[in-house]
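Please open the model in your viewer and keep the sequence panel beside it, since each stop below begins with a selection.

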Amino acid sequence: MKKTHRPIERRDENTTEPAVAPFGYSDYVSAKSTLLAAAQRGPFYASLCGASGVGKTSLARGLAAELDRHRFLPIYVAASRVSTTGFARHLAAALRAPV
């Protein structure tokens, strides 16, 4: 199945108001709203995976900016190949858990 990116309609070029989304694709907006809705329903864990340049970091930053910092702790792991042990260590460090 081939993915297609559909640009979000932008506001008039003469306006000083920002565009609706910082990343101009409907799949970004859809993924962000789905993840935000899931986070509001209760305990929530997510993993963003994909090829280089598809918008994972933009999506993660957008989510982190909108989540309540008192309720959620976004953890960023950037590695093309991470072992289970390496991931566990990174997670423990981010949570300030003794290793």
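Select Lys32 first: in this predicted model, Lys32 has a relative accessible area of 12% and therefore counts as buried, the cut-off being under 20%. Lys32 sits in helix α1, which covers residues 26-41. If you display the surroundings of Lys32 and ignore residues up to four places away in sequence, you will find that Lys32 touches Leu59, Gly62, Leu63 and Glu66.

Two of those partners lead to the next selection. Which residues make up the largest nonpolar core? Select Tyr28, Leu35, Leu36, Ala39, Leu59, Leu63, Leu67 and Phe72, which form this core of 8 residues in all. Both α1 and α2 supply at least two residues each to the core, and α1 gives the largest share, with 4 residues. As background, nonpolar side chains in soluble globular proteins tend to be buried together.

Within that selection, centre the view on Leu35, whose contacts, once neighbours within four places in sequence are left aside, are Phe44, Ala46, Leu48, Leu59 and Leu63. Leu59 and Leu63 are thus worth keeping on display, being contacts of Leu35 as well as residues touched by Lys32.

Move next to Asp68, which lies in the loop between α2 and α3. Is Asp68 buried or partly exposed? With a relative accessible area of 35%, Asp68 is partly exposed, because this value falls between the 20% and 50% limits. A distance label drawn from the C-alpha of Asp68 to that of Gln40 should read 10.0 Å, although the two residues are 28 apart in sequence.

Stay in the loop between α2 (56-66) and α3 (84-94) and select Val77, which at 32% relative accessibility is partly exposed. Val77 belongs to a nonpolar surface patch of about 550 Å², so extend the selection to the other members, Leu73, Ile75, Val82, Phe87, Leu91 and Leu95.

Finally, zoom out to the whole protein, where a colouring by secondary structure should show 3 helices and 0 strands, in the order α-α-α from the N terminus on. Colouring by accessibility instead would mark 16% of the 99 residues as buried, while the protein as a whole exposes about 8,400 Å², of which carbon and sulfur atoms supply 54%. For a contact map, consider the pairs of residues at least 6 apart in sequence: 33% of these contacts join residues at least 24 apart.

Methods: Residues numbered from 1 in each chain as written. Predicted model: local features only at pLDDT ≥ 70, side-chain atom pairs only at ≥ 80, totals over all residues. Heavy atoms only, no water. Buried < 20%, exposed > 50% of the residue type's maximum accessible area, 1.4 Å probe, protein only. Contact = heavy atoms within 4.5 Å. Areas by Shrake-Rupley, 256 points an atom, 1.4 Å probe, with all protein chains shown as cover. Patch = residues over 30% accessible without salt bridge, like charges linked within 9 Å, V, L, I, M, F, W, Y side chains within 5 Å. Salt bridge = Lys/Arg side-chain N within 4 Å of Asp/Glu carboxyl O. Core = buried A, V, L, I, M, F, W, Y, C linked by side-chain atoms within 4.5 Å.
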